[in-house]
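Let's walk through this one together, starting at a single residue and working outwards. Have the viewer open as you read.

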Amino acid sequence: GDIALYQAKEMGRARHVVFQPHMEERIQMRRTIEEEIERALKRHEFENFYQPIMDAKGEKAVAAEALIRWNHPTRGQISPGTFLHVAEESQLINKIGEWVLETAMKDATHLPGIRMCVNVSPNQLRHPDFPSLVEKLLTRYELEPDRIELEVTEEVLLNDADGVHETLKELHRIGVRVALDDFGTGYSSLSYLRLYNFDKIKIDRSFVEDLDHDVDAQEIVRALISLGSAINVDICVEGIERKSQFKFLANVGDPLMQGFLFARPMPLTKFRLWREGAEDAALDDIELVEQL
Ligand code: C2E
Ligand code: MG
Ligand code: MG
Ligand code: MG
C-alpha cells in the first residue's frame with residue numbers, strides 16, 4: 001500500500017544518499033511496487049495525458065505528446081517520474097509501454113491532423129519485438145506510419161550492444177518518425193545526429209529556463225535551431241512557460257514549441273475541447289483583424 005510506494009521512492013533516491021536497505025528488503029519492496037503496477041494495469045488506473053506541440057507561430061497544435069499518469073485510487077494522480085524507473089528496472093516497462101503506445105494510437109484516430117508522439121524507454125527499444133509491435137498497432141488502428149513519432153533518449157544510443165541501430169533503421173523502414181528527446185542533457189553528441197536519421201530533435205527544457213537572462217543559452221538555442229534547418233531535421237523546443245521565451249524563439253527561427261505557456265498535458269476529451277477552443281480563438285483573431 002502507501003508505505004510500499006513511499007519506500008520505493010526512497011529506494012530510487014537511495015542510490016545517491018545514505019539510506020541503504022538490505023538486499024532482501026529491497027527485493028521485497030520492488031516486488032510490492034511491481035505487483036501494484038500489475039494491478040493498476042488490470043484495473044485501468046493508467047491514463048495518457050496529451051500535451052500539444054505547437055506550430056512555429058504558436059497558434060495551432062500540430063502534434064501531441066502522450067504522457068502517462070497513474071490515477072491511484074487512494075494516492076491520487078502519480079506522475080511518471082515516480083514510478084517509471086521502477087518499471088524500467090523490471091520487464092514491466094514493456095507492458096506499460098505497450099499500453100501507452102496502443103492507447104496513444106487509438107486516441108490518434110480521434111485527433112485527425114495531429115501527429116502522435118510517444119516516449120519509448122530504453123528497455124522497450126531494446127526489446128527485439130518492438131518494431132513488430134509498432135507495425136501490428138499501425139495496422140490495427142489503420143494509421144499512416146508518419147502519424148506516429150517515437151521519442152527516444154540518447155542514453156539508449158551510448159552503445160549499440162543491443163542492436164538499437166538496427167531497431168531504429170527498422171522503425172524508419174516501417175515509416176514511423178523518430179525523435180531525439182531531451183537533447184542537450186547528458187551525453188549529447190553530435191555524432192548521434194550523423195549516425196541516426198532523426199526526424200526531430202527536442203531541445204531540453206533546461207536551455208529554455210535560462211533564455212531570458214543567459215546569453216550562452218540564447219546562442220546555443222539559436223545555433224541548434226539553425227543546425228536543424230541546415231541538416232533538415234525538425235526542431236522542437238520544450239518547456240516554454242513565458243511569453244518572453246516564445247518571442248525570443250519566434251525571432252530566431254521557426255521551431256515547433258511545447259510548454260505550459262500554450263497548454264499543460266490534459267486528458268483526451270479536454271485536449272479535443274482545447275483544440276476547438278484554440279482554433280476558435282485564432283478564428284476570432286482573424287475576424288477581428290478583418291473588421292478593423
Ligand atoms: P519528456 O518526454 O521530456 O516530457 C516532457 C515533460 O515536461 C512532461 O513531464 C511535461 O509535463 C513537462 N513539461 C511540458 N511543458 C513544460 C513546461 O512548460 N514547464 C515544465 N516545468 N514542464 C513542462 P511529465 O509528464 O511529468 O513526464 C516526465 C518524463 O517522464 C517525460 O519527459 C518522459 O521522459 C517520461 N514519460 C512520461 N510518459 C512516459 C511514457 O508513456 N513512457 C515513457 N517511457 N516515458 C514517459
Ligand atoms: Mg518526450
Ligand atoms: Mg523531453
Ligand atoms: Mg525533458
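Start with Glu151, which is buried at 1% relative accessibility; buried here means under 20% relative accessible area, exposed means over 50%, and partly exposed is what falls in between, using a 1.4 Å probe and protein chains only. This is a predicted model, where local features need pLDDT of at least 70, side-chain atom pairs count only at pLDDT 80 or more, and totals for chains, interfaces and linings use all residues. Residues are numbered from 1 along each chain as its sequence is written, chains are lettered from A and ligands numbered from 1 in the order in which they are written, and side-chain values use heavy atoms, with hydrogens and water left out.

Glu151 is one of the protein donors of the magnesium ion (ligand 2), along with Glu65, Asn119 and Asp181, at 2.0 to 2.2 Å. Donors are N, O and S atoms within 2.8 Å of the metal (3.2 Å for Na, K and Ca), and water is not among the atoms, so sites may look incomplete. Asn119 sits in strand S4 (residues 115-119) and Glu151 in strand S5 (residues 148-153), so to speak a link between distant parts of the chain, 32 residues apart. Helices (H or I, at least four residues) and strands (E, at least two) are DSSP runs, numbered from the N terminus. Unlike buried Glu151, Asn119 is partly exposed, with a relative accessible area of 29%.

Now hop across Asp181, which bridges the magnesium ion (ligand 2) and the magnesium ion (ligand 3), 3.7 Å apart. The protein donors of ligand 3 come from Asp181, Asp182 and Glu238, lying 2.0 to 2.7 Å from the ion. Asp182 belongs to strand S6 (residues 177-183), while Glu238 is in the loop between strand S8 (234-237) and helix H11 (243-252), 56 residues away. Asp182 is partly exposed at 26% relative accessibility, whereas Glu238 is buried at 10%.

Next, the greasy part. The largest nonpolar core has 76 residues, and Met116, Leu150 and Leu171 touch the most other members. Such a core is a set of buried Ala, Val, Leu, Ile, Met, Phe, Trp, Tyr and Cys residues joined through side-chain atoms within 4.5 Å. Helix H4 (residues 92-108) gives the largest share of this core, eight residues. Beyond four places in sequence, Leu150 is in contact (heavy atoms within 4.5 Å) with residues including Leu101, Phe130 and Leu171.

Finally, zoom out: the chain has twelve helices and nine strands, and 47% of its 292 residues count as buried.
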